[in-house]
Structure formats: C-alpha cells, structure tokens
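Thanks for coming. I will go through one model, starting at the end of a helix and moving on to side-chain pairs.

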Amino acid sequence: MSADGGEANSGRRRRRRRGRRTSGPKINHAESPAAEAAPSPSATPSRSAQRRPRTARHGPDRLRTVHETSAGGLVVDGIDGPREEQVAALIGRVDRRGRMLWSLPKGHIEVGETAEQTAIREVAEETGVQGSVLAALGSIDYWFVTDGRRVHKTVHHYLMRFSSGELCDDDVEVAEVAWVPIRELPSRLAYADERRLAVVADELIDRFQADGPAALPPLPVTAPWRRQQTHSRARRTRAGENSPDPKNGRRLDP
C-alpha cells in the first residue's frame, strides 16, 4: 500500500472518530438562557439560600430568659442524739407517671426576706415543722421552660435543727411529708443534686456532734430580697424522659 493511500485512509479514520464523538444534537450553553434559568432539581442550594430568615431566628418564638431564686432546708430531728435515730423532713410530689418523688422543702424568696428566713418559712409551710438554721449546705441551679419563658433557677439550701411542730401535708403543692432516716436520704431523694447535699449534711452533722456549733462553717451574709419574682414552677419531670436536659442540674433516677 502506498504512503499516499495510507495517509488518506488514516485521515478518513480520524474523521470517523471525530464524527462519533460529536454525534447528537449540538447545544450551545452560552446561547441557552433557559438552561441557566432552570437549575437541576438535584443541584445543591447555595449557602446563602440555606440560611434561615432573620425573622425566624429572632422573631417572636424566641424565649425570654428570667432568673429566680429560692431557698430551702434539710431540717433534722435528733441532731444532738445518736446518728441511727436522726431523721429529716422530706416532701413528696407525684409526677406525671404517678411516681412519688421525694425532695427537700423549698420556695421563692419573698420581698424583704433573706435566704435563711425563706428557708425557715418554706420548711414550716411545706412540712408543718419549725427549724433553725445551723449552716449552709450549698446552692443548686438549673434551667426549665414554662409559660413561654426560659427560667434559670437558683436554690440555696441550709442544714436546720428541728425545734417544734408536727408533720403536716396541708400545703396544696405537697402530696406527702415524712420523717426519713438520715442514712436513707441517698436512696430516697429523687434528685442527684439534692443527694449530694445530703452527703454534705452528713459531714456537717459529724462535725457538729464532735465539736459543737462552732465547728460549722459561718453562714454566708445574705441581704433582704428587694424585688418581686415571677414565681414560675419547674416541672419535676418531662414527658418521655427519665433525666432532664444536661443543662438542668436536677438529675432524676429512672
């Protein structure tokens, strides 16, 4: 085969290959505005298109945050006597599942009250017994949502000595009241943060019995409360949950 014939055949093959690559309708994308105006349904929207409208993030659905402060106490009968005979007054409330949840009596600090005065008043109102404050046990804070508000609540707790009265569950917010042996508090208290306070109370009682009231840490100075509070009430449990949000310090046993 001649060189000219080989070159001619080679040229025809190249043209056929080029023809196969370019077969089909030819689309000029630069001249097809309809194609540009109608993006593919599978196309990913731009980052700006994915952003939520400003009104959705900052509109009326945003919860208002309020802060509340309460006080309560662990009132102990027989604090000067044998440890195995010491009992503490607890209150019980029934949750949405019908469970009895035991906790420390507590309530809002009212205008003109110190935290210690509130603890004494709330213990008397919710249990029917009177007590005197010996030492601070510590504070608990947690979050909950109610009535369209996000509430940050702080509760100051005190170790108290029983002075008089009899247990009574006349308070409408309390289902039951009971004297519970000090040694049983870790298993009876429903909330982990209050169980930790019971451990602190146990240590303070040991110091009190060994060296007297002078061995207890001094009470923190608190000023009378000056403003009215919202008096929101936290739900003790949430529907379908055994443990509250981690932001909420109140841990509930299953």
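Gly 128, just after helix H5, takes a positive phi of about 90°. Helices here are DSSP runs of H or I of at least four residues, strands are runs of E of at least two, and both are numbered from the N terminus.

Before going further, the provenance. This is a predicted model, where local features need pLDDT of at least 70 and side-chain atom pairs count only at pLDDT 80 or more, while totals for chains, interfaces and linings use all residues. Residues are numbered from 1 along each chain as its sequence is written, and side-chain values use heavy atoms, with hydrogens and water left out.

Back to the helix. H5 covers residues 115–127, which is 13 residues. The expected span is 1.5 Å times one less than the number of residues. That gives 18 Å for H5, and its end C-alpha atoms are 18 Å apart, so the two agree.

Which residues of H5 are buried? Buried means under 20% relative accessible area, exposed means over 50%, and partly exposed is in between, using a 1.4 Å probe and protein chains only. The buried residues of H5 are Ala 115, Glu 116, Thr 118, Ala 119, Glu 122, Val 123, Ala 124, Glu 126 and Thr 127. They pack against several strands, including S1 (64–77), S2 (87–94), S5 (129–146) and S6 (149–165).

One of the buried residues, Glu 126, forms a salt bridge with Arg 93, with the closest N and O atoms 3.3 Å apart. Glu 126 is in helix H5 and Arg 93 in strand S2, 33 residues apart, and the pair links distant parts of the chain. Both residues are buried. A salt bridge here is a side-chain nitrogen of Lys or Arg within 4 Å of a carboxyl oxygen of Asp or Glu. By this rule the count is 12.

Two more from that set. Asp 147 and Arg 149 meet at 3.9 Å, N to O. Asp 147 counts as exposed because its relative accessibility is 67%, whereas Arg 149 is buried at 13%. Glu 184 and Arg 188 meet at 3.6 Å, N to O. Both are partly exposed, Glu 184 at 36% and Arg 188 at 29%. Salt bridges that share partners also join Arg 83, Arg 183, Asp 202 and Asp 206 into one network.

Arg 188 also lies over the face of Trp 102, 5.4 Å from the ring centre. For a charge to sit over a ring, NZ of Lys or CZ of Arg must be within 6 Å of the ring centre and within 35 degrees of the ring normal. The charged end of Arg 150 sits over the ring of Trp 143 in the same sense, 4.1 Å from its centre.

Now ring against ring. Rings of Phe, Tyr and Trp (its six-membered ring) pair if their centres lie within 6.5 Å; planes under 30 degrees apart are stacked, over 60 edge-to-face, and the rest tilted. That gives 2 aromatic pairs. Tyr 142 and Phe 144 are tilted, 6.1 Å centre to centre with 35° between the planes. Tyr 142 is buried at 1% relative accessibility, and Phe 144 is buried at 5%. Phe 162 and Trp 179 are edge-to-face, at 5.6 Å and 90°. Phe 162 lies in strand S6 and Trp 179 in strand S7, so this pair ties together parts 17 residues apart in sequence.

Technical notes
Contact = heavy atoms within 4.5 Å.
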